[in-house]
Each structure stands twice: as structure tokens, then as C-alpha cells.
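Visitor: I am new here. Please walk me through the terms as we go.

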Amino acid sequence: MKVIITLYLTLFVFLTFAQNGTIKGVVKDEKNNEPLPFTNIIISGTQIGSTSDFEGNFIITGVPVGFVRLQATSVGYNPYLSEEFQVTNSNETYIEIYLTQKTTTLSTVTITNQIFAKNIESPVAMQSIGLSEIEKNPGGNRDISKVVQSFPGVGQTPVQRNDLIVRGGGANENRFFLDGIEFPNLNHFATQGASGGPASIVNADFLREVDFYTGSFQVNHGNAMSSVLNMSLITPNKDKSEKRIVLGASDFGLSFNGPLTEKSGLLFSYRRSYLQFLFQALGLPFLPTYDDYMLKYRMTIGEKNQLSIISIGALDKNRLNLERNETEEQRYILSYLPETDQWNYTFGIVYRHFRENGFDNYIVSRNMFRNKSYKYQDNIEADSLKVQDYSSDEIENKFRFERINFLNSWRLMTGVSAEYAKYYNSTYQKIFLNGNSTLLDYDSSLDFYKFGFFSQISGKILKERLGVTLGFRLDGNTYSDEMLNPLNQISPRLSLSYGLNERWYLNGSIGHYKQLPAYTTLGYSESGVLVNKANDLKYIGVTHYIAGIEFLPNDESKITLEGFYKDYGHYPVSLRDSVSLANKGGDFGVVGDEPVESVGEGRAYGFEVLYRRKIIDKMTMLVTYTFVRSEFTGFDNEYIASAWDARNIVNVLVSRKFKRNWTFGLKWKYSGGSPYTPYDEYTSSLVQAWNIQGRPYLNYSAYNSERLSSFHQLDVRIDKEYFFDKWSLNIYMDVQNFYNFQYEGQDNLIPATDNSGNNIIVNPLDPAELQRYEMKTLENVGGSIVPTLGIIVEF
């Protein structure tokens, strides 16, 4: 810590002078892509600006460095306020502006500077996250998975996990999009069948804006029940290339942004982690390492066509550090943690064709995820001691067509989707079930087709005071006769927003959403039979009821109060432990590879309060409170608190920019204690049982009957930016858990050992199946100050 602070303060002796940057861009009509001349564009909050030429192009010079927004106005068009973006003196920034026509052409324009613009398609349960909120988030380390945890409805997770838990829903109920391309895994070392992992694979260098939906989902975003994370990438620079070098909390990255030809440009980034060196130095018994890349190629074809190629991927490896076995905690981790290899990629093409009154999107993509893990008893690699050897592939080939029409003041979207999915699983797994050691040894292969149709219309009525969005979606697939009928998977939805005046709004949404169970569940096999298909596995369904009130005190602030109720049906319930799969996914490994029946129900309900204020390039404030209850049933139809039933969640985030390009931010978060299940001490002590799993077994008859104590943490971040003639430098120090809060987890139950380190058997003369270890409790207290020094060089 002292070394980091010394290095950090040493760099502050440099003196820099404020310099200015340049913004270039183009203004076009949203519905037909035609250029808009004579549009006035200014830097929001200033008098610095320009006017577009006959081709819609503009250039603004003398722009102060930092985060800015553009404000554009043109006769006959609605006023426009761009997302925020960063201007530096070392590079030119390029931005595209699309204006929407007014229903009645006026001779004057109305100027607006409202940062939190209304979205009538999703008037509730949606937050747009700007670039500065991602880049400067204390404790976030430019990781979008961690950044969204600051927003209402999102559960807090341990520092080593990025599970996305939204409004009491399961970790597998979320979907992720990058410029319209869906990709299945948001995090490195992903939990197959869920959303968790320790670090996001998305590089924040190229993010333009993130729309985070916790309800009122758009019809073209299917197969989601709790959230949709829709990430937009910047447009490649047109005239000048930009390079970045980033030394972050856990990785080193390089990125490129620049033109390839007059009509095309490229974004590309690559990151390599150095976690294995850090973990080795800290004495941890495992050594993870990862690589990832992200790519966007953008080409303009004539005046009416655009082509984008998007790709993202990751390579993850985790190896055990067997030399680090000095402590009981290290030996416990080594006893159960497998070694893993994962890789995934997504490759997609988006072709957009503009028409006279709208445009068409043709989206083709392919994604693949490979997951391998293996484990040996006592980590001795002998066939007789093998307890796990797992390999799985998930492959999806997708097509989606979207037609957007502008009908006076209404926007109509219709479309279809088609998909060919393949799943392969090879499992060798010893488990202890019903008092006996059982071997699962099977290969499973599955392929089937999916299809969908969707339509949505949105607009305003009652003198434009009432915003209305009405839509529906139909889905089906060839997995089973039940799922083949799309009428069994119809998903209607309605959103309303009524403006009482310019500052107060009443908002509401009701929608029914369907989600296909995970491939691990669809493809589970015994004796060559797809068990869950024979068990009449169904789509999971949920109905959202959301209502809220919104107040805009001024152009930089908003206050919202939202209540929600989520009603689940047909949730898969495990035939092994009678637990709903909604409760699983909060640990590394695989979720859903077991026999189930679609008999579970669930409910998650509560309310959220949000205060949000944002003064561009000066201050960000976010205060949220969430009350949430989350309960699911098993086979007995009794509602039991889920693993995500935190009840009370609080976030307070303040970030302020000072003179000489200093930024200081802090984030305090609080979460009520989550439920947990006590151990089955007898089963855990059985020698055969422990040797198979290497960790204690849960007492499912008392499922989630206990509750952990509450958790809270303060994160602090300091940024200092330097702007030189040809390059810029950003140095930041991020300190997580600033006041060193010690949280208490569920104590671990482990075998006691003798002086030689061998597990003590209390009844060595009994038959092998009855022999038991002497057990002891290992205190599970975590939490430490985690300082990080980050460096970003741009040239």
C-alpha cells in the first residue's frame, strides 16, 4: 500500500496546462439516413459549437478536454442531446447524430438540456449508463458487471464474483447484447448455465453507452426474465487513429481506433491478465489467467447502407497452486476446486438498409462456448482417484430481421428470428446420492431449431401527454412438441407513461416473458435418454407488474419511486435435492446438469427509490435504496426465501471533478444478509462422501433456514489526468473496502487432521461405507483492503 501511494504521489509533481480538443461528426435523419444541413450543434452547457454543411458534416474546435455532450437542433426535428463522450487534445473524436422528425413542422426549434431523457418504450425499469459512470466508478475498475451493481434492484456479490442478481431473480435470467449482437457470457470463468464470473470480458475502451433494463423489455430482446444489458459501441474514427495502453486492476490492455479506408474504420482491443502473478505473490492456492479481445469493423456502403462486423471472445484457464497448502483454508480450497479451461467467442454481422420511412436490420451471428474441468481426489492424477472429468460445448447460429417504420408520430418494429443450436456434453462425475457413491458417466448430444416472431408499436396520444408501447413476442423450438407450439410461449407487454407536466410522470408496465432452460438442463442424459425432455420440460415464464412515479427537479436530476412484482411459473426443480434452479448459480462450475421437473413457482417483489444527478464533467451522484423479497417453491409448493433474498440494498455514489483534472469519488454499499442452508454434518463426515466432493454437504430439509449478517463496504477512487501535445495520461488509484470491513460467511466444515496432516477417522474398524471423519469448524471471515493503481495512456 505504501509503495503504491508513493508511486502515485510521485507522478503528481508534473505540471500540465489545460488544452483543447476537436470533435468531428455528421448529422442525419434517423428514418432515412439523409444528411441534415444547417443543423446547430453546440457543446451542452457552453456557447462552443458549429453548423452542419450540405453533407451534414460538422467540426467543432477549441473543445475543453473532458466528458461532454452535444446538443443539436434543427427546424422540423426534435431537439437532440447526445450520450456523453470524452474529448482529449491528442485525438479527434467522431460522433454520428440522428435526429427524429416532429409530427408538425414548426418554424422554430425548442431547445432542451434534459440529461435523463424519457424513453416511452421502456418508461420504467431502465437506466442509461454513461461513459464517465463506467470509467470513474469507485470499486468498479472499468468493469461493466461491477458498475451495474450501483443501480437499483441489483444485488451485491462478493468481490470475487460478478453474478448479476436483478430484482430477486436468478443468476441465469439475464441477456447481453453488443451493438445488437447477443453474446452468451458476460464474464471470464463463467458459471455455465448462469451469468457469474470474476471479471467482465467487455473492454470499456469502446463503450459509448449502456442501457440496463430490469423490466419492460423490448420485443427484439427475447429469452430474458430479469435483465437485458444492451451495450452500444462507439463509431470508429474517420480521419485519425487513436491508440490506448491500459494497466488495470487485473490485466494489461491495448486498443486501436481508427480509419481503414475513406468509408470504413476499425475498433480492436486485446487484454491479458496478470492475476496469476498477483495470486502467487499473495499465496492463494489457485492461479487464474485470462485473455480477451473485442472487435468492430464498420463500413458505409453508399448513402443507404451500413455494415458492421462485431466479435468478442475470451480464453480462461485456472490451475491449482499445490505448493500453497500451509494453512487449513488453503488445503480446504485445494480439496474441492477443480482445474478448468474455458473459451468462448461471438462473431456477428449487422447490415442496415435505410428506406424512405424507416430502416431494416439484418443480423447474423454465431457464438460458441467450451467448458472443461477435471478433479482428482487429493489432487493426485491417477485414474482410480478421478472424481470429475467434464467437457461441454454450446453453439448457436442466429439470424434476426428487424423492420422499423416511422408512421407520423408512431414507431413500428416487426421482425423474425431463427436459430440453430447444438449442445454436447461428456460427463464423468462421482457424486454421493441417497447414502451411496454414484458414478455419472455419459455423453449427450443435442441439436434443435428455434424460431420467433415479434412486433411492437410505440407513440404518444392525448396531446402527446401519454406515451404508449404495445408489443408481443412468439417463440418456439423443435426440442419437444410442447415447445414447438409458439402459442404456448406468447409474450405480450404494455408500457405507459403519462406526463402530469414537464417535471412529473406516472409510469407503468406489465409484461409476460419466456425463457428457455439452460442447455445443461435440456441436454442432461441418463442411459442415452434426455431425461428432462421425458419429464416434459417447459419454458420458464414470468409476469412483471411495475408501477412508478418520476420527478425531474431540474435538467440534471431525477427522482424515481418504482414498485415491482414478478410472478414465476414452470421453474425447473431438481429431483436430487428438491431445490428450484432459481437458487443456483452463485458459485463457479456448472448449473442445471441434473434431472428436473417444471413444477416450481416463484415470486419476487419490492420497491426501489432512486436519486440521480449528473452535471457533465463536474459531478455524478447516485443514491438508491431497494427493498426486495425473493421466494421460490420446490415440490411441496411452499415458498422459501431464495439465495437472493437480501431484503435491503443501499448504494451511495458521489464523484466530483476538481481543478487541474483531479477527480475524487466514493461509493458506499450495503446489503442485508442473504439466506443460507446449514450443513448435513453426518453426510459431510462420511469418508466416501467427503472424498468425492471435498466440501460439506447441505441439509436440504432446512434449506435457507439461516441468514448471514449484513454486509457493507466503502470504495474510494482518485483520478489525475494529464494532457500533453500528442498524448494524454490518466492515473488512478482505486481502493476497495477502504475501512476494512470484515464480513462473516458461512463457516466451513472440514475434517480434523493429526500431527502428520492426515484426516482423522473416528471409526476405522467399521465397514468402509460407514467410516466417518472427525469434523471441525473453520471460521469463514473475509474482507481486506484492496488497493489498485491504474494507468491509461492515449496517443
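Guide: Let us begin with pairing: two strands pair if DSSP finds at least two bridges between them. Strands (E, at least two residues) and helices (H or I, at least four residues) are DSSP runs, numbered from the N terminus. This is a predicted model, where local features need pLDDT of at least 70, side-chain atom pairs count only at pLDDT 80 or more, and totals for chains, interfaces and linings use all residues. Residues are numbered from 1 along each chain as its sequence is written, and side-chain values use heavy atoms, with hydrogens and water left out.

Visitor: How do you know that β13 and β14 pair?

Guide: Six bridges join β13 (residues 207–213) to β14 (residues 227–233). Pairing asks for at least two, so these strands pair. They run antiparallel. In one bridge, glutamate 209 has serine 232 of β14 as its partner.

Visitor: Which sheet holds these strands?

Guide: An open sheet of five strands, in the order β10-β13-β14-β11-β12, with mixed pairing.

Visitor: What makes β10 and β12 edge strands?

Guide: β10 (126–129) and β12 (181–182) each have a single partner strand, so one side of each lacks a neighbour in the sheet.

Visitor: Why is aspartate 536 called partly exposed?

Guide: Buried means under 20% relative accessible area, exposed means over 50%, and partly exposed lies in between (1.4 Å probe, protein chains only). Aspartate 536 has 36%, so it is partly exposed. It sits in the loop between α8 (531–534) and β30 (540–551).

Visitor: And why does aspartate 617 count as partly exposed?

Guide: Its relative accessibility is 24%, so the label is partly exposed again. Aspartate 617 is in the loop between β32 (596–615) and β33 (619–632).

Visitor: What makes phi notable at these aspartates?

Guide: Most residues other than glycine have a negative phi. Phi of aspartate 536 is near 60 degrees, a positive value. Phi of aspartate 617 is also near 60 degrees.

Visitor: Which residues of helix α5 are buried?

Guide: In α5 (residues 328–336), they are Gln330, Tyr332, Ile333 and Leu334. These buried residues pack against several elements, including β18 (286–301), β19 (305–320) and α10 (687–693). Contact here means heavy atoms within 4.5 Å.

Visitor: Why is phenylalanine 399 called partly exposed?

Guide: Phenylalanine 399 has a relative accessible area of 33%, which lies between the two cut-offs, so partly exposed fits. This residue is found in strand β22 (residues 386–407).
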